[in-house]
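Got a model open and wondering what backs up the usual labels? Let's go through them one at a time.

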4 protein chains.
Amino acid sequence: MKDKGLKIVTIGGGSSYTPELMEGFIKRYHELPVEEIWLVDIEEGKEKLEIVGSLARRMVEKARLPIKVHLTLDRKEALKDADFVTTQIRVGLLEARAKDERIPMKYGVLGQETNGAGGFFKALRTIPVILEICEEMESLCPDAWLINFTNPAGMITEAVLRHSRIQKVVGLCNVPIGMEMGAAQILGVDASRLRIDFAGLNHLVYGLDVFVDGISVKERLLSLLTERKDTVAMKNIHAMGWEPAFLKALDLFPCPYHTYYYKTKDMLEKDWEASKNVGTRAEVVKSLEKSLFELYKDPELCDKPPQLEQRGGAYYSDAACRLIHSIYTDKRDIQPVNTRNNGAIMGIPADSAVEVSCVITREGPKPIAFGELPIAVQGLVQTIKSFERITIDAAINGDYNQAHLALTINPLIGSDRLAKQILDEMLEVHKAYLPNFFIDRSNL
Amino acid sequence: MKDKGLKIVTIGGGSSYTPELMEGFIKRYHELPVEEIWLVDIEEGKEKLEIVGSLARRMVEKARLPIKVHLTLDRKEALKDADFVTTQIRVGLLEARAKDERIPMKYGVLGQETNGAGGFFKALRTIPVILEICEEMESLCPDAWLINFTNPAGMITEAVLRHSRIQKVVGLCNVPIGMEMGAAQILGVDASRLRIDFAGLNHLVYGLDVFVDGISVKERLLSLLTERKDTVAMKNIHAMGWEPAFLKALDLFPCPYHTYYYKTKDMLEKDWEASKNVGTRAEVVKSLEKSLFELYKDPELCDKPPQLEQRGGAYYSDAACRLIHSIYTDKRDIQPVNTRNNGAIMGIPADSAVEVSCVITREGPKPIAFGELPIAVQGLVQTIKSFERITIDAAINGDYNQAHLALTINPLIGSDRLAKQILDEMLEVHKAYLPNFFIDRSNL
Amino acid sequence: MKDKGLKIVTIGGGSSYTPELMEGFIKRYHELPVEEIWLVDIEEGKEKLEIVGSLARRMVEKARLPIKVHLTLDRKEALKDADFVTTQIRVGLLEARAKDERIPMKYGVLGQETNGAGGFFKALRTIPVILEICEEMESLCPDAWLINFTNPAGMITEAVLRHSRIQKVVGLCNVPIGMEMGAAQILGVDASRLRIDFAGLNHLVYGLDVFVDGISVKERLLSLLTERKDTVAMKNIHAMGWEPAFLKALDLFPCPYHTYYYKTKDMLEKDWEASKNVGTRAEVVKSLEKSLFELYKDPELCDKPPQLEQRGGAYYSDAACRLIHSIYTDKRDIQPVNTRNNGAIMGIPADSAVEVSCVITREGPKPIAFGELPIAVQGLVQTIKSFERITIDAAINGDYNQAHLALTINPLIGSDRLAKQILDEMLEVHKAYLPNFFIDRSNL
Amino acid sequence: MKDKGLKIVTIGGGSSYTPELMEGFIKRYHELPVEEIWLVDIEEGKEKLEIVGSLARRMVEKARLPIKVHLTLDRKEALKDADFVTTQIRVGLLEARAKDERIPMKYGVLGQETNGAGGFFKALRTIPVILEICEEMESLCPDAWLINFTNPAGMITEAVLRHSRIQKVVGLCNVPIGMEMGAAQILGVDASRLRIDFAGLNHLVYGLDVFVDGISVKERLLSLLTERKDTVAMKNIHAMGWEPAFLKALDLFPCPYHTYYYKTKDMLEKDWEASKNVGTRAEVVKSLEKSLFELYKDPELCDKPPQLEQRGGAYYSDAACRLIHSIYTDKRDIQPVNTRNNGAIMGIPADSAVEVSCVITREGPKPIAFGELPIAVQGLVQTIKSFERITIDAAINGDYNQAHLALTINPLIGSDRLAKQILDEMLEVHKAYLPNFFIDRSNL
């Protein structure tokens with residue numbers, strides 16, 4: 001790690017999350033000497049980039065720090081000699097997300113950004129772009145760390161690990177942090193005293209054990225959890241409590257997204273109702289974003305506005321700063337991130353990405369070995385990992401048959417007939433973002 | 001294996017399948033010298049036992065063979081010094097099966113005898129009875145082979161392997177034989193020229209490869225399959241064709257029961273409709289059985305009547321005879337049976353039962369090593385195996401929480417809320433057959 | 001398999017073993033319709049080829065069979081459209097073997113053809129030649145089976161499996177057959193009633209269990225074995241009995257070559273003494289071979305002479321015929337052969353060759369799943385497999401460092417210093433047969 | 001962890017190492033508030049306990065700390081409510097060690113305290129005593145951590161993990177620390193900038209990678225190593241350099257004890273010569289210890305004397321303090337310790353002890369997942385682990401046959417005949433310390 005100040009590149013810099021990222025770097029500046037932050041976006045995001053970029057500069061100015069904020073549409077210029085690259089892109093913008101959510105629902109299956117058919121198409125659109133970024137990094141900043149928090153974070157991390165030479169990649173998610181905060185609140189202890197052993201996949205992570213001051217309190221937490229009406233929910237997931245007998249036998253702390261698998265029917269109905277009343281999540285977020293950007297425009301605003309926390313991705317960007325900070329300072333704190341499995345979870349391929357508690361060192365995250373997952377969850381984790389691996393291959397090769405297979409084996413779909421109908425309609429509407437599927441291979 | 005004639009014991013001997021079993025022994029008599037066949041049943045089955053037992057005796061007489069057919073309600077007397085014990089019992093009779101089918105359907109999930117909630121309750125009722133039989137075998141005929149074809153055959157085999165000292169146990173199913181016959185017919189070749197490498201679980205078995213005269217014809221078979229409207233269906237499974245792109249990418253020959261997982265919604269609807277029109281399978285079978293027993297009563301009948309093939313379990317009893325014959329003669333033919341995994345399928349515990357091609361020797365079935373299953377199916381097989389293991393433990397311990405967990409993780413249910421409702425109602429209606437769940441443990 | 005008669009090609013056809021091979025084909029002719037046998041050899045072996053080829057023709061003539069025996073130095077002509085190719089070559093002839101035996105002994109470590117430093121150099125010389133043959137087969141007879149009985153048979157099978165497109169390859173060894181015959185003799189039963197579950201590596205295979213008429217007699221066999229002064233020895237392995245307590249705790253039937261690992265010091269001394277008195281094995285064989293070829297020249301001789309059994313490779317060629325016969329007729333007998341592991345032995349890579357009981361079908365050998373080896377032998381098997389894998393890579397890449405590593409980790413050497421000395425001297429003396437190590441890579 | 005001061009118990013408190021332990025606690029007192037240290041010993045060690053105990057009290061007094069030092073022969077009194085228990089016992093004292101070293105050498109195999117026959121007998125004597133301590137801990141201080149640095153540390157840790165209810169156990173060794181210091185010195189960097197990824201077994205641990213400031217320098221280190229005449233040796237291991245080609249291909253940083261496996265013959269000769277000239281290690285240590293205790297008696301001495309570093313166990317006791325400190329303060333530094341594998345090293349059973357880099361938290365050490373070991377070392381690690389597991393079982397059950405098996409499969413012995421001779425002689429001379437082997441089981 002060089003001694004001079006760091007160069008950070010944020011791809012998708014025009015995102016509404018950027019103020020949180022800025023806040024994160026500003027408050028850690030004394031230990032993490034950032035010299036330049038490059039906010040990169042594409043032509044369609046230019047206006048938002050300028051709005052949020054100006055706010056970023058005002059924030060730095062208010063903090064009286066010598067951080068230079070660059071705004072650019074030229075990704076290569078930005079990547080040159082970067083130390084850390086963060087990605088928070090959304091290929092096809094919220095419009096595409098709305099389709100991911102609406103279309104599957106027509107066929108009676110879950111439309112959601114990260115799981116099921118929705119997450120599948122987001123992966124198909126995003127993976128080729130991320131691999132393009134990696135290719136540029138290979139020549140422009142081969143030693144930089146890639147910190148991805150674009151969803152579906154697990155699949156994107158694995159795509160990079162298996163299909164590029166960039167191996168210094170970490171996928172971040174705010175779900176585990178939310179679980180830690182939720183558990184601390186339920187138990188009535190300060191979060192600093194609590195630690196969770198996390199293992200699983202992105203949006204399918206389990207708390208294997210929960211400690212306060214080094215003593216396991218899992219049993220107590222699970223018992224308190226069943227007395228509640230919610231599942232330590234995320235902003236964007238409907239709150240529904242777990243059945244006590246099920247949770248007792250499961251003997252694990254599930255993540256909010258587990259409701260999609262253990263309450264499939266109920267979640268589908270809730271999503272369906274929400275889509276009729278308040279709109280799908282993309283539609284809600286779209287209007288939230290609009291108000292946020294109105295706020296950001298205010299030249300008097302020099303701080304991250306509290307309204308951003310309504311946005312749903314709370315802690316996300318802060319998690320990225322925290323991770324960069326820990327790598328840079330060899331902090332060796334334990335963070336759950338998406339990384340190369342390397343045996344941490346038995347039965348999952350060594351080269352697959354898993355979401356697992358890691359000690360964060362200057363060499364990067366080192367995953368803790370958790371052995372075999374409890375038998376009750378091995379199958380689901382294996383199934384989703386199989387779905388992810390096949391999806392990644394389909395995304396890269398534009399392989400229609402593999403895509404059909406991946407959708408069919410996803411337990412939220414479970415139908416070769418519906419899979420075909422959804423696939424055909426979605427390929428058509430997302431055509432512009434899925435070039436791999438529409439290449440004329442006749443003369444290859 | 002002793003030189004004198006063999007003693008065969010058939011528990012559930014009053015079953016309508018018994019004539020097929022008799023036919024099987026009669027036609028193999030020259031190589032398989034059966035001296036005694038003991039047909040055992042319970043008080044409630046006495047009448048049927050007498051009807052079918054008389055037919056059995058007429059069949060032997062017609063064949064002019066020195067096989068003695070004993071009818072008894074005294075299981076211990078029958079088991080004494082047995083060489084082979086076959087089990088074809090139905091705890092709770094067809095009435096219980098009808099409830100297994102009807103009740104889940106009320107909650108919108110699959111009711112079917114071997115998969116999902118139906119199979120779960122059949123396991124709960126059957127496992128304690130089978131383990132009781134094993135306990136008797138341990139003292140009365142410890143060296144006998146237990147050939148089980150009571151469903152769910154995989155779980156029952158595993159319960160015996162893991163929870164009794166009887167290790168010479170084989171679980172039989174007619175699905176793989178049906179697949180071989182179906183494939184031979186589709187390919188237009190004699191079945192003797194065809195061989196399938198089978199691996200998976202009971203009612204979840206895949207043809208990994210298909211050979212004619214030693215040459216793989218899998219690709220051709222899968223391609224012909226997609227041109228058909230059915231899935232090489234069983235009598236009791238609705239015929240629906242596979243989507244070509246899915247099947248091509250799957251690159252395996254699925255079994256008819258895979259429709260429950262890869263066409264979940266459609267199967268649910270078909271079952272629902274059938275239940276309204278012709279009745280559930282149990283209800284259909286009940287009337288079929290009634291006619292069969294009318295036929296069996298005919299003192300002129302000295303053969304297995306052709307109508308038995310409508311019953312649904314075609315080849316089942318013959319498979320049992322074939323297996324006994326192969327063990328007795330060290331025939332070394334390759335048969336797909338349910339046996340101890342022992343590494344044949346990687347990733348599944350060594351002590352679990354799997355359904356896999358085995359070479360049948362006088363030492364019993366030796367499973368062929370197939371390594372890792374293809375990635376697309378690892379997760380489903382793992383999930384169902386996890387469901388099976390937890391179900392077995394719940395059955396033996398009468399553990400409500402584990403039962404709730406097993407039902408919830410089954411992908412045909414996928415809801416802790418529905419699982420609880422179904423569990424509560426079903427435990428109540430099957431109460432008489434689930435003593436483990438209703439023991440007063442307060443003073444244990 | 002075609003209907004017309006078979007074409008068999010034997011590379012190294014001038015070997016003294018060929019009469020046994022001929023006898024094997026002649027006695028199985030009624031079920032195995034061999035039409036042509038091509039005996040192939042190299043220029044240096046021309047004289048022997050003619051002697052043994054003439055004997056082969058006289059044998060066929062005496063048997064009045066329409067088998068055509070071709071003698072040729074043109075390997076490609078022979079391979080064209082072959083059905084089975086057998087390899088019994090010896091690169092560098094017995095002269096090279098004598099060096100394999102003598103030189104390591106100078107450094108105080110074992111010199112033996114298949115284990116330790118001797119086997120290592122035999123592998124280095126042989127693997128490139130076998131891969132050349134495979135390359136020719138890929139274009140001339142891609143569907144033929146390659147039956148290799150050149151030593152070290154395990155490494156050669158694995159080299160073919162991992163480094164050529166020929167996957168229909170089987171490695172044969174007469175050790176397991178010898179163990180079966182020895183065990184039958186000790187137990188006083190006919191070999192046809194006995195079966196051994198074999199698992200391990202070539203020349204490191206264990207009998208996991210031993211059955212007579214389907215009943216385990218392992219305990220009795222091990223107990224009888226310890227009463228003997230020998231280890232069911234091969235002609236070429238010194239007879240020494242096993243210590244009773246060791247064998248009882250091992251609870252496995254070791255193969256004769258296990259003496260090299262479990263009696264290292266004693267074997268070294270015996271080999272050392274033998275080399276001083278009767279000469280090394282190669283030197284003994286050389287004189288045996290000379291007498292054999294004198295016999296073969298006799299134009300009156302029309303049968304395999306009994307003296308051949310002194311040669312050491314008893315049953316070897318017959319094993320090849322037996323295997324070909326079983327594949328051709330789909331006999332499904334159980335034979336221990338070297339084949340792709342595919343999970344048969346847990347912990348060994350799926351693509352490695354293992355020596356394991358297989359059911360022999362028209363699709364080839366299907367290995368039986370044996371799960372984990374007993375803990376006491378896992379390490380040794382793993383060590384030798386590691387040695388084999390690294391040796392294969394060194395042979396193919398001519399990699400000096402990897403060669404040094406392989407020799408050092410072999411437990412019969414166990415010294416980086418001795419490994420270097422042996423390697424340097426042996427590379428020099430075998431230079432002519434190790435082109436991969438002496439390529440000028442400077443302008444690659 | 002309680003708020004009041006800690007109670008530390010040191011079993012074998014009369015050891016010459018105790019002053020280092022005291023120094024360690026004294027210098028960390030501000031963060032690690034030790035209130036009581038109980039030094040426990042047995043009757044035979046009473047005199048030494050008093051000498052070293054007095055020195056310990058003088059050290060505390062000089063440091064003006066409120067640590068109470070208790071000396072006792074009553075182990076149970078000491079264990080009551082302990083927070084940390086350290087074990088540094090030597091069953092049979094140095095006399096037994098001298099026999100461990102001398103007797104195997106007579107038979108031409110390695111006599112050394114931790115590897116081969118020597119380590120085997122040390123395990124046999126020590127394991128029953130450690131399990132007795134664990135049994136006392138279960139009732140007197142069930143939540144205490146057991147920090148063992150008695151050799152063979154790996155086997156003792158595993159014996160506790162698998163055969164007692166004490167799961168909070170860590171085995172410590174100074175070898176990895178020595179490797180880190182050695183590597184830092186060779187590379188000319190401060191040790192604080194260096195980190196090694198350690199994985200393997202106790203006294204068989206490899207540096208998988210070596211980092212300075214987060215960048216891998218393994219290649220450079222290995223290259224510098226081969227230019228040296230030593231192997232980063234321990235005080236008690238003869239210095240011999242590695243062969244460059246071997247080390248390059250191995251591509252790992254071996255530990256000093258690897259010389260026993262990769263330079264077996266040379267080490268045997270060196271040990272043999274040393275035993276004739278300066279005496280075996282036990283004999284050397286005995287005289288060193290004598291001088292140390294002379295020094296300790298000096299009432300003016302209030303510090304750890306520098307001569308202790310000659311003793312051979314440098315850093316050992318300090319490592320124990322460092323570990324206790326890290327657990328107590330949740331320091332999350334990365335330390336190589338012996339702990340439950342839990343999948344950290346693939347292929348080794350989950351419940352076995354391995355020596356592996358762990359992050360040290362208030363919940364204890366959490367092992368980092370390293371996946372598969374490189375193929376070249378898998379076999380050796382597996383072999384030694386098999387040897388260890390069988391040895392542990394033999395020690396607990398007093399099983400002669402298993403003991404014979406363990407010794408035979410150890411690659412430093414490799415002979416069932418020598419194993420028997422050594423076993424018989426050693427069992428006799430150590431009889432007093434091996435009650436499990438001499439119980440009269442006739443009336444059990």
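Q: How do you know that contacts in chain A join residues far apart in sequence?
A: Take the contacts between residues at least 6 apart in sequence: 72% of them join residues at least 24 apart. A contact here means heavy atoms within 4.5 Å. Keep in mind that this is a predicted model.

Q: What makes up the secondary structure of chain A?
A: You'll find 17 helices and twelve strands there.

Q: Why is chain A called as compact as a globular protein of that length?
A: Its radius of gyration comes out at 21 Å, and the globule rule gives 22 Å for 444 residues; the two values are close, so the label fits. For the outline, the C-alpha atoms fill a box of roughly 65 × 55 × 45 Å along the principal axes.

Q: What share of the residues in chain A is buried?
A: Buried means under 20% relative accessible area, and 66% of the 444 residues fall in that class.

Q: What do carbon and sulfur atoms supply of the area that chain A exposes?
A: They supply 50% of about 15600 Å².

Q: How far apart are the mean positions of the positive and negative charges in chain A?
A: Just 1 Å, with 55 positive and 62 negative charges counted.

Q: How do you know that chains D and A are related as by a two-fold rotation axis?
A: A turn of 180 degrees with a shift of 0.0 Å along the axis lays chain D on chain A, at an RMSD of 0.0 Å. That is thus the relation a two-fold rotation axis gives.

Q: What makes us say that the copies meet through the same surface?
A: 100% of the interface residues of chain D are also interface residues in chain A, so the surface is the same.

Key
Residues are numbered from 1 along each chain as its sequence is written. Chains are lettered from A and ligands numbered from 1 in the order in which they are written. This is a predicted model: local features need pLDDT of at least 70, side-chain atom pairs count only at pLDDT 80 or more; totals for chains, interfaces and linings use all residues. Side-chain values use heavy atoms; hydrogens and water are left out. Helices (H or I, at least four residues) and strands (E, at least two) are DSSP runs, numbered from the N terminus. The radius of gyration is taken over C-alpha atoms; the globule rule is 2.2 Å times the number of residues to the power 0.38. Buried means under 20% relative accessible area, exposed over 50%, partly exposed in between (1.4 Å probe, protein chains only). Accessible areas come from the Shrake-Rupley method with a 1.4 Å probe; for residues, only the protein chains shown count as cover. Lys and Arg count as positive and Asp and Glu as negative; His and the chain ends are not counted. The place of a charge is taken as NZ of Lys, CZ of Arg, CG of Asp or CD of Glu. Copies are superposed by least squares on the C-alpha atoms of residues with pLDDT of at least 70 in both.
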